[in-house]
Each structure stands twice: as C-alpha cells, then as structure tokens.
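Colleague: I'm new to reading protein models, and I'd like to learn how to go through one feature by feature. Could you walk me through this one?

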Amino acid sequence: MAEIQIPAVLEGKELVRSVRTPARMEFLYTAGVATTRFLTGISEGKILGERAPGGKVYVPSRGADPQLGVPTTEPVELPHVGTLVSFCVVNVAFYGQGMEIPYTSGLILLDGSDLPLMHLIQECPVDDVRIGMRVEAVWVEAHELAPNLESIRYFRPNGEPDVVVTQPGAGVTW
Amino acid sequence: MSDDPGVLSAPLIIEYPFSRTTGPVIGAFLTGLREKVLLGIKGSDGRVIVPPTEYDSFTGEDLTELVEVGPGGEVLTWAWVRGPMAKHPLSHPFAWALVKPDGADVGFLQVVDAGSPEAMATGMRVRPRWGDEREGSIHDLACWEPDV
C-alpha cells in the first residue's frame with residue numbers, strides 16, 4: 001500500500017491502530033417448569049432428577065424423555081457422588097472465564113442417573129484427572145444456597161476406587 | 001419474570017469483547033478525532049471524502065492524501081428522532097443528519113443536538129461538539145450543534 005500522507009497537525013501524534021467494538025446481548029432466560037423443579041431442589045441442597053416411563057433418569061430433567069417424547073413424571077433424589085465419564089483440561093484463558101488455568105471441566109454421571117452433569121473438577125491436579133474417577137459434590141455453605149449450579153462449587157475425588165467406563169461420556173459399568 | 005410465578009427466570013447477558021484493527025486511513029481519521037481534527041481524503045477526481053476511504057470508489061486505486069476539513073459544516077439533509085431508543089447517542093430528541101464539513105465534498109451521517117425540529121433546516125451551519133474524554137473512537141465526536 002502506498003504511503004499515507006498525514007496533515008502536519010497530527011505529526012508526532014500516536015496513531016490509532018485498533019478500536020474496541022464489543023457486542024452485548026441481553027436476554028431474560030426462563031427455566032421452564034421442569035428445570036425450575038431441579039433448581040429449586042439445588043437451592044435446598046438436593047440434586048433432583050426425573051425418571052421417564054422407559055426407566056431412564058435425567059438430571060437436570062427438561063420435563064420429557066428425549067428418546068420417547070413422554071413426560072418425566074417420577075422425581076428421583078440423586079446421591080451427591082458419581083463417576084467422571086469425560087473431561088476437558090482447559091489451558092487457554094478467555095474473556096469472562098473467572099478461573100485460574102489450567103483447570104478441569106468434567107461430565108459427572110451421578111449414581112442412579114443416565115445423563116451426566118457438567119461441572120468443575122477440583123482438589124485434583126489436572127494430570128491426575130481420569131475417566132472412571134469417583135467424585136463427590138462440594139457445596140457452598142447452607143446460607144449461600146441459590147437456585148443455580150454455582151451452589152455446587154465443584155466435584156472432587158472421593159477416594160473410592162475407579163470404575164470401568166466402557167463408553168466415555170455416556171454410561172458406566174461396575 | 002415469567003408469566004408463571006412459579007417458574008424461575010434470570011437475566012442472561014452475552015458479551016463479546018471484540019476489537020478490530022483500523023488500517024492506516026481510518027486509524028488516522030480516529031487519531032484526528034482524538035485531537036479534535038476532522039480528516040478527509042482526496043479522491044482521484046479531486047473530491048474530498050469524509051470519513052476517508054482507503055480506495056477510490058471510481059477507479060479502485062489507493063488513496064493516500066489525507067486533508068483537514070471542518071471544523072464547521074453544513075446540514076445536507078436530516079430526520080428528527082422524537083423518541084430516542086436505548087442505544088441512540090442522545091437520550092433526548094435529536095436529528096440524524098448528513099453533515100458536510102467545510103472543505104469536504106460529501107456528507108456523512110451524524111447527530112445534531114438542536115433541541116427541537118424547528119431549529120433544524122437543510123443548509124444550516126453546524127459545529128462539532130467534542131467529547132471530554134477522547135480515546136480515538138468515532139464517539140470522540142459526540143455530536144454537532146447549530147452554529148448560530
């Protein structure tokens with residue numbers, strides 16, 4: 001590109017090279033009745049799933065079995081322990097992250113559930129995180145409980161022996 | 001809140017912190033705004049274009065000769081905004097106007113803070129109102145006001 005000629009009035013001034021052009025979208029997210037049941041449970045320190053007529057337990061339930069298309073009718077209170085069925089070690093910092101890197105994000109299949117939850121895995125060096133690891137939820141203090149998943153601070157190894165995960169990310173066998 | 005008082009809802013805000021590079025021509029234009037100087041660029045036919053473009057719109061050749069224009073200008077055409085929206089640059093009624101700075105041959109879309117539509121007229125003289133804290137952005141030129 002040819003040399004730009006700048007008027008004398010701007011000589012010696014530091015030239016602008018970039019501009020900030022942030023984009024922002026504001027939504028009102030409505031949870032729906034089924035997820036409201038789940039979140040209300042979380043605010044009481046409980047993890048509530050729902051069983052579909054086919055037998056599968058979903059957590060959080062969206063109110064219907066995605067395979068059968070029928071309502072999930074039976075509430076199931078799940079234990080706070082499960083198995084790590086998949087995970088990702090995050091090594092890259094990004095805007096709005098709020099976490100010190102590296103950290104681990106994992107899919108946790110709670111015992112008795114058929115759908116894994118995504119949450120943080122902490123109190124475990126990232127190099128030691130493995131599929132099949134048994135983990136337990138660490139909650140915030142009782143007075144800090146709120147209807148969101150930040151009420152569970154993270155999951156950590158609970159010391160039980162690993163289990164065999166035949167299909168990472170989907171299910172476990174004992 | 002949702003229509004159903006039993007259903008939870010919460011604000012969800014998605015933000016992307018984009019920044020983009022300006023290139024040498026727009027970068028010089030924004031530098032000018034920061035220094036309270038308006039810049040145009042000379043086209044192949046000698047016309048002065050504001051804001052400056054990197055290429056000539058007729059021949060496609062590179063344009064390089066930035067020139068100072070303004071600070072005063074003339075309203076070529078305008079539209080009155082009775083009810084400003086949240087993202088509009090002013091919170092009270094204003095005019096969108098094509099303003100042609102003195103020395104330029106084209107107008108560009110700007111805000112004129114005139115108070116009322118009766119104070120607006122095609123051909124009226126306007127002067128820039130600069131922002132107090134300028135950082136090299138299009139917002140450094142806050143708006144224009146009638147030059148009476």
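Colleague: Let's start with a pocket. From which domains of chain A does the lining of the second largest pocket draw at least three residues each?

Modeller: Keep in mind that this is a predicted model. A good habit with any pocket is to ask which parts of the chain make its wall. Here, domain 1 (29–78) and domain 2 (79–174) of chain A each give at least three residues to the lining of the second largest pocket.

Colleague: Okay, and which residues lie nearest the centre of that pocket?

Modeller: The second largest pocket has 15 lining residues, and those nearest its centre are A:Tyr29, A:Leu39, A:Pro147, A:Asn148 and B:Ala10. Look at the elements next: helix H1 (32–43) of chain A and strand E1 (9–16) of chain B each supply at least two lining residues. E1(B) has the largest share, with four residues.

Colleague: What about volume and the classes of residue?

Modeller: The volume of the second largest pocket is about 460 Å³. Its lining splits into 11 nonpolar residues, three polar and one charged.

Colleague: Now the largest pocket. How much space lies in it?

Modeller: About 660 Å³. It is lined by 20 residues, and the closest to the centre are A:Arg20, A:Thr21, B:Ser137, B:Ile138 and B:His139. Strand E1 (18–20) of chain A gives two or more residues to this lining, as do strand E2 (19–21) and helix H1 (23–34) of chain B. By class, you get eight nonpolar, eight polar and four charged residues.

Colleague: Back to the two domains of chain A. How far apart are their C-alpha centres?

Modeller: For a pair of domains, check the distance between centres and then the contacts. The C-alpha centres of domain 1 and domain 2 of chain A are 19 Å apart. As for contacts, 16 residues of domain 1 touch 17 residues of domain 2 in chain A.

Colleague: How do I read a sheet? In what order do the strands of the open sheet in chain B come?

Modeller: Read across the sheet, one strand after another. In chain B the order of this three-stranded open sheet is E4-E3-E5, and the pairing is antiparallel. Strand E4 (48–49) and strand E5 (66–69) of chain B are at the edges with a single partner strand each, so one side of each has no neighbour in the sheet. Strand E3 (residues 38–42) of chain B pairs with E5(B) over four bridges. As one residue pair to look for, B:Leu39 has B:Glu68 in E5(B) as its bridge partner.

Colleague: Which helix lies across E3 and E5 of chain B?

Modeller: That's H1(B), and it runs at about 150° to E3(B).

Colleague: Last topic: the backbone. Which peptide bonds are cis?

Modeller: For this, look at omega. The bond from A:Val59 to A:Pro60 is cis, with omega near -10°, and A:Pro60 sits in the loop between strand E4 (57–58) and strand E5 (74–78) of chain A. The bond from A:Ile101 to A:Pro102 is cis too, with omega near -5°. You'll find A:Pro102 in the loop between strand E6 (81–90) and strand E7 (103–110) of chain A.

Colleague: And where is B:Lys36, with its positive phi?

Modeller: B:Lys36 is in the loop between H1 and E3 of chain B. Its phi is near 60°, and the residue is not a glycine. A:Glu123 also has a positive phi, near 60°, and belongs to the loop between strand E8 (117–121) and strand E9 (134–139) of chain A.

Key. Residues are numbered from 1 along each chain as its sequence is written. Chains are lettered from A and ligands numbered from 1 in the order in which they are written. This is a predicted model: local features need pLDDT of at least 70, side-chain atom pairs count only at pLDDT 80 or more; totals for chains, interfaces and linings use all residues. Side-chain values use heavy atoms; hydrogens and water are left out. On a 1 Å grid over the protein atoms alone, a cavity is a set of points where a 1.4 Å probe fits but cannot get out, and a pocket is an open set with protein on both sides within 12 Å along at least five of seven lines; lining residues have an atom within 4 Å of a point. Grid points are joined across faces, edges and corners, and a volume is the space filled by probe spheres set on the points. Ala, Val, Leu, Ile, Met, Phe, Trp, Tyr, Cys and Pro count as nonpolar, Asp, Glu, Lys and Arg as charged, and the others, Gly among them, as polar. Domain bounds come from an automatic or database domain assignment. Two strands pair if DSSP finds at least two bridges between them. Contact means heavy atoms within 4.5 Å. Axes are lines fitted to C-alpha atoms, for helices over the stretch in contact, and angles run from 0 to 180 degrees between N-to-C directions.
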